[in-house]
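Trainee: Please take me closely through one part of this model, its inner packing, and then show me how the elements around it are arranged. I am new to this structure, so a slow and connected account would help me most.

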Amino acid sequence: MAELQNLIEKIKSYNPEADLKLVEKAFEFASIAHLGQKRASGEPYFVHPFMTASILADYKMDPVSIVVGLLHDTVEDAGISLKEIEKEFGKEVSDLVNGITKVSLVKLKGSSEEVFVENIRKMILAMSKDLRVVIVKLADRLHNMMTIQYLPEERQIKLGKETLEIYAPLAERLGMGEIKGKLEDLSFPCVYPEEYKNLVNYSKPYFKKANEFLEKASRVVYRIMAEEGIKVRVMYRSKHLYSLWRKLQRPEINNDIDKIYDLVAMRILTETVRDCYGALGVVHGVWKPVPWIGISDFIAQPKPNGYRSIHTKVFSLHERILELQIRTFEMQEEAERGIASHWFYVETKSKKVTDEKLEKGGVFTPKKLSWVKQLVAWQKELTGSKEFVEALKFDGLASRIFVFSPKGDVFDLPFGATPVDFAYAVHTKLGDETTGAKVNGKMVGLDYKLKSGDLVEILKKEGSKPTEGWLDFVVTNMAKRNILKNARKI
Ligand code: MN
C-alpha cells in the first residue's frame, strides 16, 4: 500500500483538487485482477501497470489517464471484460482501455519507411477519438522497454524495432521529446548492439570534455545575465545516443564527432518571452553567432509539433562553437511533455487565464482543440513531404476508414464499407464464403457500416457463395467485381 500512497502523493503535488477515489479503486481492481501473474523478470505482473500509471503521473496526466494506466492490461492479459470495466469505472475509462487494447494489436507488417508511416497514420486515425490512448500506450511501452533485458533476444529485437519505427516517432510528433529520447535510447542497444557499444566507447571522452566546458561557459552566462538584470536558469543536456548515432551517419558529418556542435547543448530558461529575446541579445553581445548556421527562432515560427525555442550557435569561450537553446520555463515543460502538458493546463489552470500568464507565453488550449490542432499539424507534416503523393493516392484521408482484423492487421476501406467489403479486402475466397460478421465481438448484419477502429471478424462456410443482393450495399470495386463474377457463373 506504500506504492499507492506514493502515487497519490505524486498526483496531489501537481493536481491538489484531483478526485483520487477512482485511482484508489483502479489500483485495487488491477492488483486483484493480475494476482498470481508474473512478468518475465519474475516480479508480480501488477508492477507493470503500476509503473505505467506512475510514469503518467510523472507526465502530470489527469486522473482518468492514470486509472487507465492501472487498468490497461486487465482486458488483454487478465480476462476482465470491457463491460465490467465500464460498470466499475464508467464509459470514458472503458473506451480508453478498449482503444489501448486495439492499438496493441497493430503490428508492424513491413520495414520500409512508407509502410511504417502509413501504419502510424492509420493508427492515429483509428484512435484519434482520444489521444490519451496514445499517451498511455507510450508510458506502457516505456516501462516495457525499461525492463526489456528479461526478454529473449529475439523479442528484444522485435520490440526495439517496433519502438524505433512506431512509438518513438509517435512521441516525437506529439511533441513529447523526453519520452521519444528515452524510447530511442532503450531500443538502440536491442536493435544495433555492436554499433551501440562502439558509440558508447567512442563518445565517452567527448561527452566528458563537453560537460566540463559547459560548466565554465554557464558561469559566464550567469554573470552576463546578472549584469543586465535578466533572471535565468542555465541547464545543459547531453544529446541522446541514438540521435547522435543517426546524426553521425549524415554525409556532411561523415562520422566526425567534432562536427557535432550540440553534443551537449546549453539551455537558458527565462520567465517571459521578452526575456528570451533579451537573453539572446546579451549572449550575442559577448559571443558572436556563427554565420550561416546561426539562429533559428522557433518562438516566432514554432515547429509543426508545437515546439518553441530560440536556437543559436555561437563562438563561445576559446572560440568553441556552442549551441544555445533559449526558452521560457513553460516552453521547456511543453518541449519535454508535449501534448501531455495540455491536459495539465486544462485541468488546473484553464479558469485562471491572466494577462501575466499570457505574457509568459503559456498555452491554454481547451482539451479538444489542442489535440485537434496537433492532428492537423501532423497531417500537414505528412503532406508536406514525399508523403503528399502517397496521401493523394489515398483517395483523400477523410473518406477512408481503418478497421482491424482479429490478427491486428489494419485495413483501409472507403467510407461506408461493410463487412463484405472487408472480407474481400482480406481475401477473395473469404469474401465469397462470408456468411456473417462480428464487429467488436457483436454479431452485425452484412450491410453494417464499419467505423474507424472497428475490429471485424468474418464468419464463413466452406463452399458458400455470394448473393446478388450484396450489390445493394457493398462499396468497393473489388467486392462488386467478385459478386458479379459469381452471379454470372450461376
Ligand atoms: Mn502493458
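Mentor: Contact, or touching, here means that heavy atoms lie within 4.5 Å of each other. Residues are numbered from 1 along each chain as its sequence is written, and the side-chain values use heavy atoms, with hydrogens and water left out. The model is a predicted one, in which local features need pLDDT of at least 70 and side-chain atom pairs count only at pLDDT 80 or more, while totals for chains, interfaces and linings use all residues.

With that in mind, begin at I268, which, not counting residues up to four places away in sequence, touches V221, M225, V232, R233, A279, V283, L324, Q325, I326 and R327. To place this residue we need the word buried, which stands for under 20% relative accessible area, with exposed for over 50% and partly exposed for what lies in between, using a 1.4 Å probe and protein chains only. A nonpolar core is then a set of buried Ala, Val, Leu, Ile, Met, Phe, Trp, Tyr and Cys residues joined through side-chain atoms within 4.5 Å. The largest such core here has 99 residues, and I268 is listed with L71 and L138 as having the most contacts inside it. The element that gives the most to this core is helix α12 (residues 193-228), with 10 residues; helices (H or I, at least four residues) and strands (E, at least two) are DSSP runs, numbered from the N terminus. The core also draws at least three residues from each of domain 1 (2-188) and domain 2 (193-335), where the bounds come from an automatic or database domain assignment. Apart from it lies another core, of 22 residues, including I401, L413, A423 and L450. As a general background, nonpolar side chains tend to be buried together in soluble globular proteins.

From the core we can turn to the strands. Five of them form an open sheet of mixed pairing, in the order β1-β2-β5-β4-β3, two strands being paired if DSSP finds at least two bridges between them. The edges are taken by β1 (232-238) and β3 (296-297), and because each has a single partner strand, one side of each is left without a neighbour in the sheet. V232, one of the residues that I268 touches, lies within the bounds of β1. At the other edge, β3 runs antiparallel to β4 (residues 310-315) and is joined to it by two bridges, with S296 standing opposite H311.

Strand β4 also holds K313, which, leaving aside its neighbours within four places in sequence, is in contact with Y261, K288, P289, V290, I293, G294, I321, L322 and E323. P289 is a contact of K313 and also of H284, which likewise meets I295, T312 and V314 once neighbours within four places in sequence are set aside. H284 lies in helix α14 (residues 273-286) and is buried, with a relative accessible area of 14%.

Helix α15 (residues 329-337) brings in two further residues, E333 and Q332. Q332 counts as buried at 9% relative accessibility, whereas E333, at 23%, counts as partly exposed. Leaving aside neighbours within four places in sequence, Q332 is in contact with M235, R267, L269 and R327, and R327 is also among the residues touched by I268. For E333, the C-alpha atom is separated by 10.0 Å from that of E178, although the two residues are 155 residues apart along the chain.

Finally, set this part against the whole chain, which has 22 helices and 10 strands. Of its 490 residues, 52% count as buried. Among the contacts in the chain with a separation of 6 or more, 67% are accounted for by residues 24 or more positions apart.
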